[in-house]
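Biologist: Could you put the model up? I have a few things to ask about it.

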Amino acid sequence: LVHAVDFDPKAIAHVQKKASRHGYGRWISPRAASASEIDFIESGSIDFVLAEGLLCCMKDHEGAVRQIKRILKPNGRAFLSVIKFGREDDPRTVSKDEWASLLAEFRVLEGEERAVSRWALVTSSNNRGNTGDSEIGDGRTLDPVGR
């Protein structure tokens with residue numbers, strides 16, 4: 001089952017229509033909701049979360065990350081990305097320091113800082129605690145902003 005979540009009901013209607021047209025309607029559970037309010041998804045039930053550009057489209061970054069961590073299976077993974085440039089007074093902007101703090105909730109498997117964005121592939125297992133660095137699968141470390 002795929003949970004398709006978006007705060008925009010029009011986007012959800014589009015997903016429903018397209019899924020039905022291609023015969024995937026029974027496999028997709030679309031819901032208009034904020035990523036920080038997805039209590040309808042069972043804890044520890046999700047293998048993979050795609051949150052590309054999600055955090056910089058909302059104000060409650062910590063709430064969304066808390067929910068992503070809650071719904072991931074123990075070895076589940078999430079792809080998180082943010083746009084780097086935004087106005088400092090815009091609460092949707094994710095600063096470099098906030099990005100590091102959000103990633104500290106996870107074990108970072110891979111990540112990168114690009115010219116206009118940051119991304120990270122993470123897992124809910126954070127065996128290193130809140131050290132600010134995350135261990136990559138081969139034993140190297142990656143700092144939370146992807147260097």
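Biologist: Among contacts between residues at least 6 apart in sequence, what share joins residues at least 24 apart?

Modeller: That share is 67% in this protein. Contact here means heavy atoms within 4.5 Å. Before we go on, this is a predicted model, where local features need pLDDT of at least 70 and side-chain atom pairs count only at pLDDT 80 or more, while totals for chains, interfaces and linings use all residues. Residues are numbered from 1 along each chain as its sequence is written, and side-chain values use heavy atoms, with hydrogens and water left out.

Biologist: Fine. In what order do the elements run from the N terminus?

Modeller: The order is β-α-β-β-α-β-α-β-β-β-β, which comes to three helices and eight strands. Helices (H or I, at least four residues) and strands (E, at least two) are DSSP runs, numbered from the N terminus.

Biologist: How much of the protein is buried?

Modeller: Buried residues are 39% of the 147. Buried means under 20% relative accessible area, exposed means over 50%, and partly exposed is in between, with a 1.4 Å probe and protein chains only. The protein exposes about 8,800 Å², and 49% of that comes from carbon and sulfur atoms. Those areas come from the Shrake-Rupley method with a 1.4 Å probe; for residues, only the protein chains shown count as cover.

Biologist: Start with H1. What span does the helix have?

Modeller: H1 covers residues 9–21, 13 residues, and reaches 18 Å from first C-alpha to last, close to the 18 Å expected at 1.5 Å a residue. The expected span is 1.5 Å times one less than the number of residues.

Biologist: Which residue caps its N-terminal end?

Modeller: Asp 8 does, with a side-chain oxygen 2.9 Å from the backbone nitrogen of Lys 10. Just after H1, Gly 23 has a positive phi of about 80°.

Biologist: Pockets next. What volume does the largest one have?

Modeller: About 860 Å³. Its lining is shared by several elements: E1 (2–6), H1, E3 (46–52) and H2 (61–71) each give two or more residues. On a 1 Å grid over the protein atoms alone, a pocket is an open set of points where a 1.4 Å probe fits, with protein on both sides within 12 Å along at least five of seven lines, and lining residues have an atom within 4 Å of a point. Grid points are joined across faces, edges and corners, and the volume is the space filled by probe spheres set on the points.

Biologist: Which element gives the most to that lining?

Modeller: E3, with seven residues. The lining has 31 residues, and His 3, Ala 4, Val 5, Asp 6 and Leu 50 lie nearest the pocket centre.

Biologist: And H2, what do its buried residues pack against?

Modeller: They pack against E3, E4 (72–83) and H3 (96–103). The buried residues of H2 include His 61, Val 65, Ile 68 and Ile 71.

Biologist: Arg 70 is in H2 too. Why is it classed as partly exposed?

Modeller: Because its relative accessible area is 25%. The Arg 70 side chain makes a polar contact of 2.6 Å with that of Gln 67. A polar contact is a pair of N or O atoms within 3.5 Å; within protein, one must be able to donate a hydrogen and the other to accept it, and residues adjacent in sequence count only if both atoms are side-chain atoms. Leaving aside neighbours within four places in sequence, Arg 70 is in contact with Ile 38, Asp 39, Ile 41, Glu 42, Ser 43 and Gly 44.

Biologist: What about Ser 36, buried or exposed?

Modeller: Buried, at 15% relative accessible area. Ser 36 lies in the loop between E2 (28–32) and E3. Its side chain has polar contacts with those of Ser 34 at 3.0 Å and Asp 60 at 3.5 Å.

Biologist: Last one, Ser 81. Why does it count as buried?

Modeller: Because its relative accessibility is 8%. Ser 81 sits in E4, and its side chain reaches the backbone nitrogen of Gly 53 at 2.9 Å. Beyond neighbours within four places in sequence, its contacts include Trp 99, Arg 118 and Trp 119.
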